[in-house]
Amino acid sequence: MTFEQLGLSKPLLQALAAKNYSQPTPIQAQAIPTVLSGRDLLGIAQTGTGKTAAFMLPSLDRLSANKPQVLRPGQIRMLVLAPTRELASQIAASAEAYGAQMKMSVGVIFGGVANQKSVRTVQRGLDVLVATPGRLLDLVDQRAVDLRALEILVLDEADQMLDLGFIHALKAIVRLIPAKRQTLFFSATMPKMIKQLADTYLTNPAEVAVRPAATTAERVEQQVTFVNQAEKTALLTMFFQDTKIDRALVFSRTKHGADKIVRFLEAGGIGANAIHGNKSQPQRERALGLFRSGEVPILVATDIAARGIDIPGVSHVINYDLPNVAEQYVHRIGRTARAGAAGIAVAYCADDERAFLRDIERLTRQKLSVVPLPEGFVAAVQAMKSLKPEPRRAPQPNQRNRRNESGARGHARDPQRMGLPRNDPRQDMPQGEERPRSDGRRRAPHPATARPHGERPAQQRTEHTHARPTTDHGRPQAGGQRQGSGGQRPAGNGGTRPQGTGRPGGGNRGGRPSGNRNSAY
Ligand code: AMP
């Protein structure tokens with residue numbers, strides 16, 4: 001099967017050739033003819049399957065076939081709604097690349113940048129607008145966008161949008177769009193709520209599914225190591241010292257946890273950056289840029305920040321904290337093993353995460369292979385205890401990283417820095433003699449004997465409590481249950497708005513998260 005056979009126009013074929021896409025991916029082969037025919041589409045696919053091109057290529061052809069002479073100010077012809085800034089940027093970049101020969105106007109808007117900039121983006125009208133729901137509603141409020149003549153609506157990563165509490169924002173937006181339109185709806189998973197939403201918005205859709213949501217990419221080699229929560233940093237440091245990686249994504253459940261991991265890795269001589277909701281847009285872009293270029297090939301991310309990130313060449317995904325919703329695991333490990341490459345997914349499972357592991361294995365219908373703690377681990381834990389990572393003064397994308405980076409693909413410049421005598425079997429033995437440490441404190445007792453497995457220092461316990469909030473942005477709770485009123489504005493988010501703004505849909509901001517700045521993620 002070729003792109004030509006799918007019925008795409010010449011300018012698109014040229015753009016695809018320029019990108020060296022020789023063959024359509026399965027979702028493209030299924031979706032492109034359907035979308036070209038004007039039919040609605042329900043796509044069950046996750047990032048990495050080529051779904052962006054699956055909806056963008058045929059849409060561009062349809063838009064170009066009826067291109068009006070001029071657009072009204074603020075007029076949008078195709079709207080793509082995406083849950084995160086990163087995904088929105090990527091989709092817009094793809095649209096520009098695919099539509100390069102067609103003179104299509106493409107714009108992207110999302111929160112975190114000056115509102116005026118977004119207004120300028122849309123003011124002359126656009127063929128394609130990619131937006132996060134919150135920022136789009138801001139512009140609707142200001143009457144800066146005109147959706148009345150919208151021809152194509154795409155909802156990308158619908159499940160993530162619901163998880164992020166965008167449901168009311170979504171509904172408010174769809175109310176402004178003509179019923180006579182083409183709707184393309186994509187979701188990696190299809191729980192009941194998503195199915196209901198799809199039924200509401202789609203008319204007689206064709207369904208394409210490239211992989212059942214519960215099936216994990218077969219090419220990903222999946223491993224789990226059982227380890228105390230407090231000892232995960234030592235394990236991770238050893239991992240990066242001993243393993244050749246191309247690029248590794250490390251998943252932390254919280255923003256605070258992500259920063260802490262970066263500090264510990266740095267203390268062990270390993271350069272890494274964090275990406276999460278507390279980072280500014282330039283910081284995120286910089287961290288992603290350094291990751292993409294391979295200059296800092298370790299990125300520590302929260303699930304929300306990592307959503308939709310599409311970076312080829314991720315060789316390892318480390319589940320530093322196991323996700324409390326099993327589907328999230330599938331999303332995470334889908335970042336590796338792209339485009340035929342083999343990938344490795346490593347999970348660190350603490351005692352109180354075993355239930356999450358069971359959920360994951362049930363969902364994926366696979367047992368993760370158990371990898372024991374590495375030789376020398378006990379000594380590494382001891383050594384880590386003597387390392388005191390300095391808190392960063394400002395959460396800048398780490399300039400030091402580049403200097404720290406040995407360029408040795410994630411290997412520490414100085415593997416001995418943690419005091420690990422390599423290949424010395426004695427390092428696992430408790431020390432017979434306790435030499436006083438330079439700081440005068442006693443050496444930490446042997447972790448395997450001094451502390452029952454799973455028991456953590458108070459600080460660790462506190463963090464973990466943070467990690468599983470009982471109320472949050474309508475996100476799934478542990479055990480997969482959602483808050484009953486999914487999508488309600490989180491309490492105390494500080495995002496109070498004046499009532500009666502004239503917003504369509506009753507002015508209800510509708511649980512639009514006020515950015516992640518106040519959340520643990
Ligand atoms: P997506 O699932 O849309 O995020 O796409 C995943 C990655 O696959 C992106 O880097 C695309 O540029 C790439 N891609 C999409 N379609 C193809 C194709 N037919 N051949 C090769 N790469 C592709």
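1. A good place to start is K232, whose charged end sits over the ring of Y320, 5.7 Å from the ring centre (the rule asks for NZ of Lys or CZ of Arg within 6 Å of the ring centre and within 35 degrees of the ring normal).

2. Before going on, please note that this is a predicted model, where local features need pLDDT of at least 70, side-chain atom pairs count only at pLDDT 80 or more, and totals for chains, interfaces and linings use all residues. Residues are numbered from 1 along each chain as its sequence is written, and side-chain values use heavy atoms, leaving out hydrogens and water.

3. Now for the ligand: 13 residues surround it, and Y21, Q23, G48, T52 and D310 come nearest (a residue is near if one of its heavy atoms lies within 4 Å). By class, this shell holds three nonpolar, eight polar and two charged residues (Ala, Val, Leu, Ile, Met, Phe, Trp, Tyr, Cys and Pro count as nonpolar, Asp, Glu, Lys and Arg as charged, and the others, Gly among them, as polar).

4. Which atoms approach the ligand? A polar side-chain atom of Y21 lies 2.3 Å from a ligand oxygen atom. In the side chain of T52, an N or O atom is 2.6 Å from an oxygen atom of the ligand, while for Q28 a side-chain N or O atom is 2.7 Å from a ligand nitrogen atom.

5. How much of the ligand is covered? On its own, the ligand has 490 Å² of accessible area, and the protein covers 76% of that (areas come from the Shrake-Rupley method with a 1.4 Å probe).

Definitions and conventions
Polar contact = N/O pair within 3.5 Å; in protein donor to acceptor, adjacent residues only side chain to side chain.
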